[in-house]
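Please keep the sequence and the model side by side while reading what follows. The walk goes from the sheet to its helices, then to the cores, the metal site and a few backbone details.

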Amino acid sequence: MAKLLEIIKHPNKILRKVSAEIDLKKLKSPEMVELLADMEKTMIEKDGAGLAAPQIGKNLRIIIVNNEKENLVMINPQITKKSWGRKTELEGCLSVVDEQGEIYYEKVARHKKISGIYYDRQGKKQKINASDLLARAIQHEIDHLDGILFIDRVEEQKKSNYA
Ligand code: CO
């Protein structure tokens with residue numbers, strides 16, 4: 001049975017590390033199968049649009065993105081193409097909460113469309129073209145693997161707009 005994992009909150013150093021690539025040979029190991037199931041359960045129970053492994057305390061390049069009917073488990077994901085056009089929408093993160101412990105939302109500009117590659121839970125290489133919400137969630141989650149939080153993007157935007 002999959003377990004609910006604890007979500008690491010900002011400011012925790014784990015959220016700031018660059019995560020390590022997954023050795024695809026280890027994807028079938030019982031530990032990895034369990035980790036993926038636990039992450040998926042945690043994302044669903046916490047009602048997240050996505051979840052990255054650093055958020056549950058593991059600096060590994062794994063993200064899960066909520067994609068309507070089927071959740072996308074993405075191992076070693078990479079963005080290979082980004083649209084020039086961006087879209088600004090409210091964004092929040094299970095790891096970024098206010099003094100009351102509530103998730104809060106801020107507007108973030110993200111590439112409207114992206115293309116990417118990743119490995120699925122069977123270790124099969126997959127390609128994806130995503131736009132709007134799905135593209136936003138993938139960009140947000142991959143940022144976690146590089147130690148970047150959406151609040152950093154908000155800060156960057158404020159600087160570039162008012163410099
Ligand atoms: Co997040």
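Two strands are said to pair when DSSP finds at least two bridges between them. In this predicted model, strands S6 and S7 meet that criterion with seven bridges and run in the antiparallel sense. Lys113 stands opposite Ser131 of S7, and the two strands form a hairpin with five residues between them, where Gly123 in the turn has a positive phi of about 85°.

This hairpin belongs to an open sheet of five strands, which are arranged in the order S1-S2-S3-S6-S7 with antiparallel pairing. Strand S1 (50–52) and strand S7 (125–131) are the edge strands, each pairing on one side only, and the twist from one strand to the next averages 40°. Within the sheet, strand S2 (residues 62–65) and strand S3 (residues 72–82) run antiparallel and are joined by four bridges; Ile64, for instance, has Val73 in S3 as its bridge partner.

Two helices pack on this sheet. Helix H1 (residues 30–45) touches S1, S2 and S3, and its direction makes about 40° with that of S2. Helix H2 (residues 132–145) touches S1, S2, S3, strand S6 (113–119) and S7, and its direction makes about 155° with that of S2.

Which residues touch the most other members of the largest nonpolar core? Of its 17 residues, they are Met39, Leu51, Ile56, Ile62 and Ile75. H1, S2 and S3 each supply at least two residues of this core, and the largest share, five residues, comes from H1. Leaving aside residues up to four places away in sequence, Met39 touches Leu5, Leu51, Ala52, Ala53, Ile56, Ile62 and Ile64. Apart from this core lies another, of 15 residues, among them Met74, Ala130, Leu134 and Ile142. In soluble globular proteins, nonpolar side chains tend to be buried together.

The next stop is the metal site. The cobalt ion is coordinated by SG of Cys93 and by NE2 of both His140 and His144, at 2.1 to 2.2 Å, and the spacing of these donor residues in sequence is C-x46-H-x3-H. Because Cys93 lies in the loop between strand S4 (86–91) and strand S5 (106–111) whereas His144 lies in helix H2, the pair ties together parts that are 51 residues apart in sequence. Cys93 is buried, with a relative accessible area of 4%, and His144 also counts as buried, at 1% relative accessibility. Gln139, which has its place in helix H2, is buried with a relative accessible area of 7%; not counting residues up to four places away in sequence, Gln139 touches Ile79, Arg110, His111 and Ile114.

Some backbone details remain. A cis peptide bond, with omega about 0°, joins His10 and Pro11, and Pro11 is placed in the segment before H1. Asp47, a residue other than glycine, has a positive phi near 60°. Is Asp47, in the loop between H1 and S1, buried or exposed? With a relative accessible area of 66%, Asp47 lies over the 50% cut-off and is therefore exposed. Asp132 likewise has a positive phi in a residue other than glycine, near 50°, but Asp132 lies in helix H2 and counts as partly exposed, at 34% relative accessibility.

Methods:
Residues numbered from 1 in each chain as written. Predicted model: local features only at pLDDT ≥ 70, side-chain atom pairs only at ≥ 80, totals over all residues. Heavy atoms only, no water. Axes fitted to C-alpha atoms, helices over the stretch in contact; angles between N-to-C directions. Contact = heavy atoms within 4.5 Å. Core = buried A, V, L, I, M, F, W, Y, C linked by side-chain atoms within 4.5 Å. Buried < 20%, exposed > 50% of the residue type's maximum accessible area, 1.4 Å probe, protein only. Donors = N, O, S within 2.8 Å, 3.2 Å for Na, K, Ca; no water.
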